[in-house]
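User: Hello! I am new to reading protein models, and I would like a close look at how one pair of helices is arranged, with some of the surroundings added afterwards.

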Amino acid sequence: MGYTPVILGAGHARGDAAARPELSCAGVRAVIDDYRTGALGADTRDLMRTHLDECADCRQQWRRSRWGAARTSALYGELAGFLGDGFVEHRDTTQELVTAWDQAAPRTDLEIRRFYRTTQAYLYDQVLWHASGTRPNYVAAALPILQAHPGPVLDWGCGIGVDLLRMHQLGLNVWGCELPSPPRDFLIWRARHHGYHRPIVDPGNAGPRAKPTVLWLIDTLDHLRDPQASLGALLDTVDVLITERYVDDPRRGRLGFHFRRPLSEIAELLAEHGLHPQQQRDEPVLLSVWSRARRGPAQPGPATHDDIRQGAPSA
Ligand SMILES: [Zn+2]
């Protein structure tokens, strides 16, 4: 934490008074493991992302690092078992996903559904994201909130179901919904080994089926072309909505398949449904939590947008 690697003061472009700092290739290699596990400070993390966007050699190193770390995980073994002979190690699935999205250029909900139904890149990408230790343990961070709201949790866009199965193992009443897709097939394949026997419902009828009081919306908002259309009815009935820490970050949304919106737009949409941001005091703050303002004085008061804007772990 806070360790500063080789940073070059470079880039006096456009007459900026301060030099724009950069990370060298050697600097990237020195902190690649800390980057993977989320141990870097925000400034170095941003430099790292900028460098990786621009340097193919370091991107390849980054891919090796992720795959290497994922190899020993149970999830990795499950993916290999699920795909059998079709399993391809070291696939650069992030790039594959971006390219496939750009080529397919889906616009309507039907086209988006079709895209996710066929692409295997997203399955690999999700497994790698979890199995390489990059993704924070959001369930652990949210446990006090989840325990305070014992009603059903709906994991919306549950993907390969890591959070879903984790919550289930903790004894929480949880449902998952996901579009028909390879990640969903993988989840169904492995759920029974984890003692989870509920169906993975379609997002279209998840609300009536699960009747959730908590909406778990991690790494999902950015995938919704029209959150109001997708979630509207649910937003009127749940008591709590939990997302990964939602902040204004110009780097988010640079991948074609993300629809990134300003925090103010999300806050406005949720406020229309009576859901207001709650201040999170954990460090690091991993979550944004929104709840209905009909709770008693034991609940923490609504946070201002500034409270939840600063800093965020992200992909
Ligand atoms: Zn480099």
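How are α1 and α2 oriented to each other, and why?

Analyst: Happy to help! Please keep in mind that this is a predicted model. Let's begin with a general idea. Two packed helices are described by two things, the angle between their axes and the distance between those axes.

For your pair, helix α1 covers residues 25–36 and helix α2 covers residues 42–54. Their axes are 11 Å apart, and the packing angle is about 115 degrees. Angles of 65 to 115 degrees count as roughly perpendicular, and α1 and α2 are therefore roughly perpendicular to each other. The crossing of α1 past α2 is left-handed. On the α1 side, V28, V31 and Y35 make the contact, while α2 brings T44, R45, M48 and H51. Sorted by class, the residues of this contact are four nonpolar, two polar and one charged.

Y35 is worth a second glance. Besides its part in the contact with α2, Y35 belongs to a second, separate core of nine residues, which also includes L23, C58 and W62.

Now let's compare your pair with other helix pairs. Helix α4 (residues 74–83) packs against α7 at an angle of about 160 degrees, with 9 Å between the axes. Since angles over 145 degrees count as roughly antiparallel, that is the description that fits α4 and α7. Here L75, Y76 and L79 of α4 meet V127, H130 and A131 of α7. This contact has five nonpolar residues, one polar residue and no charged ones.

Helix α7 (residues 121–131) also packs with helix α10 (residues 182–191), this time at about 60 degrees and with axes 7 Å apart. The two helices α7 and α10 are therefore oblique to each other. From α7 come Y122, L123 and Q126, and from α10 come P182, P183 and F186. By class, the contact of α7 with α10 holds five nonpolar residues, one polar residue and no charged ones.

Next, the largest nonpolar core. This core has 56 residues, and L154, L215, W216 and L241 touch the most other members. Helix α7 gives the most to this core, with eight residues. You can follow L154 for a closer view. Setting aside neighbours within four places in sequence, L154 is in contact with W175, C177, A206, A210, P212, L215 and W216.

Two single residues show how parts of the chain meet across the sequence. T93 lies in helix α5, which spans residues 93–104. T93 has 22 other C-beta atoms within 10 Å, and 20 or more is the cut-off for buried, so T93 counts as buried. Not counting residues up to four places away in sequence, T93 touches A121, Y124, D125 and L128. In sequence, T93 and L128 are 35 residues apart, yet their C-alpha atoms are 9.1 Å apart in space.

The other example is M167, found in helix α9 (residues 162–169). M167 counts as buried because it has 25 C-beta neighbours inside 10 Å. Leaving out neighbours within four places in sequence, M167 is in contact with V139, V153, L172 and V174. M167 and L146 are 21 residues apart in sequence, with a C-alpha to C-alpha distance of 9.2 Å.

Loops deserve a look too. K211 sits in the loop between α11 (206–210) and β5 (214–217). Although K211 is not a glycine, its phi is positive, at about 45 degrees. K211 counts as partly exposed because it has 14 C-beta neighbours inside 10 Å. D219 is placed in the loop between β5 and α12 (227–237). D219 is not a glycine either, and its phi is positive at about 55 degrees. With 18 other C-beta atoms within 10 Å, D219 is partly exposed.

Finally, let's step back to the whole chain. The protein chain has 14 helices and eight strands. Of its 315 residues, 32% count as buried. Among contacts in the chain with a separation of 6 or more, 66% come from residues 24 or more positions apart. To return to your question, α1 and α2 are the roughly perpendicular pair described at the start.

Key: Residues numbered from 1 in each chain as written. Predicted model: local features only at pLDDT ≥ 70, side-chain atom pairs only at ≥ 80, totals over all residues. Axes fitted to C-alpha atoms, helices over the stretch in contact; angles between N-to-C directions. Helix = DSSP H or I, 4+ residues; strand = E, 2+ residues; numbered from the N terminus. Parallel < 35°, antiparallel > 145°, perpendicular 65-115°, else oblique. Left-handed = near helix turned anticlockwise from the far one by under 90°. Contact = placed C-beta atoms within 7 Å. Nonpolar A, V, L, I, M, F, W, Y, C, P; charged D, E, K, R; others polar. Core = buried A, V, L, I, M, F, W, Y, C linked by C-beta atoms within 7 Å. Buried ≥ 20, exposed ≤ 12 C-beta atoms within 10 Å, placed from the backbone.
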